[in-house]
Amino acid sequence: MTNSIFLDTINGIKRERPPVWFMRQAGRVLPSYMKLRESHGFKHMMEDPKLAAEVTLLPIHDLGVDAAILFSDILVIPEALGMELSFEGKGPTFKTALKDVEDPLHFLTDMPERLEHIYKAIDVILATKPAEIPLIGFCGGPLTTLCYMFQGFSQNLNFPDFVPAIYRDKATMKKLVTRITEMSIHYALKQVEHGVQAFQLFETHAGLIPIELYKEVFLPSVKAILGAVRAKGVKTIYLPKGLGTGINMVNYDLCDCVSVDWQTPLHEVRSIVGEDMILQGNFDPRVLLADKNAIDQQFEYHLNYGRKDHKWIFNLGHGLLPEIPVENVKYLIDKVKTSDWGR
């Protein structure tokens, strides 16, 4: 048993309660983050190692969560493949999208040096974080990363040009996935080399395409990225949001922990993936836009679940929404930490 309730749980060790951390916990829900945003742009905060480290650790001090996740963005991989990215306006936008390029494979250029500031941020985080708080590294899943690269903007999450392009030219798409995979493995292993203690792959748009197509074109990449990290002895988490019944493709050969969206109940996922897999997540973040009574009602299911299953990390079905009141976030975290889990 270690001092870290998160690391113990992801290693299958039974603790007195589940650990709790939230995706997008270092963001606009925090007043301290918004204060920093008054004088720093989002991209500048990501690219300044000291600022990135400071933001990474804000939720540790402000919310009392049990793990930190690197403050960065999934779209650093496209940047490392030579694409030009802007975070102005309503969200990330590429100067030139792959859909507008005649030969997208030759348009990409390996520029791994563009990732160096992230490793410097990891060094600062590890030098300044509390000893019992582990740092989770991450990158985007291959489908999700390619969605943005191909479409070029994030406002329309149906990615209307991307999905037809997979059907039209699957061979080229597979080659693009290979480029993303190679850079993602490089990036993930450098994070491990600099000391991250767990690693999460965010496949936010896993539900965008049919399960069999995902299995053919993208799942081998997922296995390659997570397998490279696991080979270094670091635990891996896979978030395939919207995968639905495709969760039956997720097993212990793929990852150590699967992060569950809000669509499928935890007990059903457990029955599919088996007893060895660590589970994470499932709490619907939109409940936090309601009142404390609604939070209590939703929490009851998770409390009952966690009393029976110690191989589970309390988290959300996806990230915190910017408009969620920070008081509700703190309230939920306190419930996790003070409830009787019967263990």
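Contact here means heavy atoms within 4.5 Å. The structure is a predicted model, and this report describes two of its helices, its aromatic rings, and several individual residues.

## Thr 181 and its contacts

With that meaning of contact, and leaving aside neighbours within four places in sequence, Thr 181 is in contact with Ser 221, Ala 224 and Ile 225. One of these residues also takes part in a polar contact: the side chains of Thr 181 and Ser 221 are joined at 2.5 Å. Thr 181 belongs to helix α10, which covers residues 170-194. Its relative accessibility is 9%, and Thr 181 therefore counts as buried, because the term applies under 20% relative accessible area. The C-alpha atom of Thr 181 is separated by 35 Å from that of Asp 62, a residue 119 places away along the chain.

## Helix α4

Helix α4 runs over residues 49-62 and has 14 residues. From its first C-alpha to its last it reaches 20 Å, close to the 20 Å expected at 1.5 Å a residue. The helix nevertheless bends by about 30° at Thr 56, and a proline, Pro 59, follows within four residues.

Both ends of α4 have a feature of their own. At the N-terminal end, Asp 48 acts as a cap, with a side-chain oxygen 3.0 Å from the backbone nitrogen of Lys 50. Just after the helix, Gly 64 takes a positive phi of about 80°.

Which residues of α4 are buried? They are Leu 51, Ala 52, Ala 53, Val 55, Thr 56, Leu 57, Leu 58, Pro 59 and Ile 60. The buried residues of α4 pack against the helices α2 (31-37), α3 (42-47) and α7 (116-128), and against the strands β1 (68-69) and β4 (135-140).

Leu 58 illustrates this packing. Leu 58 is placed in helix α4 and is buried, with a relative accessible area of 9%. Not counting residues up to four places away in sequence, Leu 58 touches Leu 30, Ser 32, Tyr 33, Leu 36 and Leu 63. The C-alpha atoms of Leu 58 and Glu 327 are separated by 15 Å, while the two residues are 269 residues apart along the chain.

## Helix α7

Helix α7 is among the elements against which the buried residues of α4 pack. Its 13 residues should span 18 Å at 1.5 Å a residue, and its end C-alpha atoms are 19 Å apart, which agrees. The buried residues of α7 are His 117, Ile 118, Tyr 119, Ala 121, Ile 122 and Ile 125. These buried residues pack against α3, α4, α5, β4 and α10. One of them, Tyr 119, has Lys 190 over the face of its ring, at 5.7 Å from the ring centre.

## Aromatic rings

The structure holds 13 aromatic pairs. One of them joins Phe 42 and Phe 71 in an edge-to-face arrangement, with 5.6 Å centre to centre and 85° between the planes. The pair links distant parts of the chain, since Phe 42 is in helix α3 and Phe 71 is in the loop between β1 and α5 (76-80), 29 residues apart. Phe 42 is buried, with a relative accessible area of 18%, and Phe 71 also counts as buried, at 7% relative accessibility.

Elsewhere, ring pairs link Phe 283, Phe 299, Tyr 305, Trp 312, Phe 314 and Trp 341 into a cluster. A charged group also sits over a ring at Tyr 252, where the charged end of Arg 230 lies 5.1 Å from the ring centre.

## Positive phi outside glycine

Arg 24 and Phe 159 each have a positive phi in a residue other than glycine. The table sets out their values and places.

| Residue | Phi | Loop | Relative accessibility |
|---|---|---|---|
| Arg 24 | near 60° | between α1 (5-10) and α2 | 47% |
| Phe 159 | near 45° | between α8 (142-151) and α9 (162-168) | 0% |

Are these two residues buried or partly exposed? Arg 24 counts as partly exposed at 47% relative accessibility, whereas Phe 159 is buried, with a relative accessible area of 0%.

Terms used. Residues are numbered from 1 along each chain as its sequence is written. This is a predicted model: local features need pLDDT of at least 70, side-chain atom pairs count only at pLDDT 80 or more; totals for chains, interfaces and linings use all residues. Side-chain values use heavy atoms; hydrogens and water are left out. Helices (H or I, at least four residues) and strands (E, at least two) are DSSP runs, numbered from the N terminus. The expected span of a helix is 1.5 Å times one less than its number of residues. The bend at a residue is the angle between axes fitted to the seven residues ending there and the seven starting there. Buried means under 20% relative accessible area, exposed over 50%, partly exposed in between (1.4 Å probe, protein chains only). A polar contact is a pair of N or O atoms within 3.5 Å; within protein, one must be able to donate a hydrogen and the other to accept it, and residues adjacent in sequence count only if both atoms are side-chain atoms. Rings of Phe, Tyr and Trp (its six-membered ring) pair if their centres lie within 6.5 Å; planes under 30 degrees apart count as stacked, over 60 as edge-to-face and the rest as tilted. A charge sits over a ring if NZ of Lys or CZ of Arg is within 6 Å of the ring centre and within 35 degrees of the ring normal.
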